[in-house]
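Let's take a walk through this structure, starting with how residues sit relative to the surface and ending in the core.

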Amino acid sequence: MKGETFSIPKKKSSCLQLGSFDSNSVHFYLLSTEASVMWHIHSNSGFTCEQHLTCLHFIIHFLFGRKCLLFHGSSCDVSSSLLLLSVSPPTHRELLLNNNQLRVLPFELGKLFQLHTLGLKGNPLAQEILNLYQEPDGTRRLLNYLLDNLAGTKRVSTEPPPPRSWIPLQDPDRTRPTALFSVMCYNVLCDKYATRQLYGYCPPWALNWDYRKKSIMQEIMNCSADIISLQEVETEQYYNFFLVELKEQGYEGFFSPKSRARTMSESDRKHVDGCAIFYKTDKFSLVQKHTVEFNQLAMANSEGSEVMLNRVMTKDNIGVAVLLELRKEMMELSAGKPLHGMEKQLVLVANAHMHWDPEYSDVKLVQTMMFLSEVKNIVDKATRSLKLSSVSGETNPIPLVLCADLNSLPDSGVVEYLSTGGVDSTHKDFKELRYIDCLTNFNCNGKNGTSNGRITHGFKLKSAYENGLMPYTNYTFDFKGIIDYIFHSQPLLNVLGVLGPLDPQWLTENNISGCPHPHVPSDHFSLFAQLELILPYPPSVNGIHLPGRR
């Protein structure tokens, strides 16, 4: 079998057994008891310590459903042994390696982060390993040690992933005045959520905030977006890290923590996460800033609904929005000529982080409706107070960019609501709970408007990433899917291009089962898009548009 590569089919199993029989001719039997499938691996040499290690590599790779390589070592007679793994992957809990003459352990063993029990009795292991193993919670300490040291071996790539490719989507409109700007959306995974319990496959040092924040900032700097929307930003890190670093790069920012912050002591408040928006001051100036607290909206609009009070009001997610004015210099730079008499051009940037639990699809949908309703109010009030005129008869003269971690898949009611303009009040994501009496408050036609049983919003929104441009935005051991989005209103905004996904070949070749990873600082991948804003034509004289002065 020397040098042969095995592809292990993915089978559900509750028990895996690997046994050696006969010191001169060793047979390994890997048995899947539930699937009634057995793989037989035969070796003509003695069972050496090196081959014991090979068996461990085989088991580890089997559990992760990958190919592995078996090879022979020098001849050495060893008594027969038994390896037993109980509970099916990926929730394996027990691995017994007792009395197997093991002198060293492969660092890959640290990848089995969900193990509760690791049996190592009767093995001549190094004293350093035995000391760790014999400490309280020895299995966890030993697995952490092995995972920590795994990054220094050839089995984890020391090379970072290749740069993400740029995906052009359309050419700029050369027939009329436009302004170009870029937007980034990024859930940075705040420190308090980056725990070993959730991300046990990541070495502890690579989970440490002091390590991750450097890579996160490098990711932000590499994109150099004109507008940056971040989720899961801790209060202390916003003021002491993100704002400080980004101000040096010409940004200003606005941040709000989750609603719980106001009921906490100052020492606890600094660890509450929230949403932040940064913008380049040489391209935009701040007109207004807003915080949207979903629990306050739920309480104010409950209309006696118990589910609104018990399910939505108890979640303290928030959204933020900034109304920005494009600087005249930015518009003239994009147009390539002076623009005389052009009235101020605004853009509203909104950023939100919806509730995480998959069992609360109703809450996510209601939160999204409340947020869009508040965004619509902001647009309407700004339009009236600033006496803005619409472009081409648009009902919303202020274009909208919506960035969010929606914690919702593309086939969810949340994305349907945003993409199509509304959802039916009996949508399955409401779980047949009685929200109808209070949802009409968030209808774009108002509480007394007619909507034929649909809850609608007044924007024409389109996702910047469509048609599978990103196979996933959240990449963990247990979940891989699209839950982060950049939406923009039409027809005033167009997407010219987006940053593509992380190289899937790099993920596969380096057996990246989930992020964070030493080379990927968050469990989310950033989104980045270049947008084109359609500007109104300059004022005309006798119906003729005058060209700008050279």
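A residue counts as exposed when its relative accessible area is over 50%, as buried when that area is under 20%, and as partly exposed in between. Keep in mind that this is a predicted model. With a relative accessible area of 57%, Arg434 is therefore exposed. Its side chain meets that of Asp437 in a salt bridge, 3.2 Å from N to O, and Asp437 is partly exposed at 43%.

That pairing has company. Side chains of opposite charge can pair when their charged atoms come close. The count here comes to 15 salt bridges. One of them joins Lys192 to Asp273, with the closest N and O atoms 3.7 Å apart. Lys192 sits in the loop between β10 and α4, while Asp273 belongs to strand β13, so this pair ties together parts that are 81 residues apart in sequence. Lys192 is partly exposed at 31%, but Asp273 is buried at just 1%. Add Lys258, and you have a network of salt bridges linking Lys192, Lys258 and Asp273. For a pair within one helix, look at α11: Asp380 and Lys376 lie 4 residues apart there, about one turn.

Now head for the core. The largest nonpolar core has 67 residues, and Phe181, Ile220, Phe242 and Phe278 have the most contacts inside it. Strand β10 gives the largest share, 6 residues. Apart from this core lies another one of 47 residues, including Val312 and Leu461.

Finally, find helix α6, where Phe242 is among the buried residues. The buried residues of α6 pack against α5, β11, β12, α7 and β13.

Notes: Residues numbered from 1 in each chain as written. Predicted model: local features only at pLDDT ≥ 70, side-chain atom pairs only at ≥ 80, totals over all residues. Heavy atoms only, no water. Core = buried A, V, L, I, M, F, W, Y, C linked by side-chain atoms within 4.5 Å. Buried < 20%, exposed > 50% of the residue type's maximum accessible area, 1.4 Å probe, protein only. Helix = DSSP H or I, 4+ residues; strand = E, 2+ residues; numbered from the N terminus. Contact = heavy atoms within 4.5 Å. Salt bridge = Lys/Arg side-chain N within 4 Å of Asp/Glu carboxyl O.
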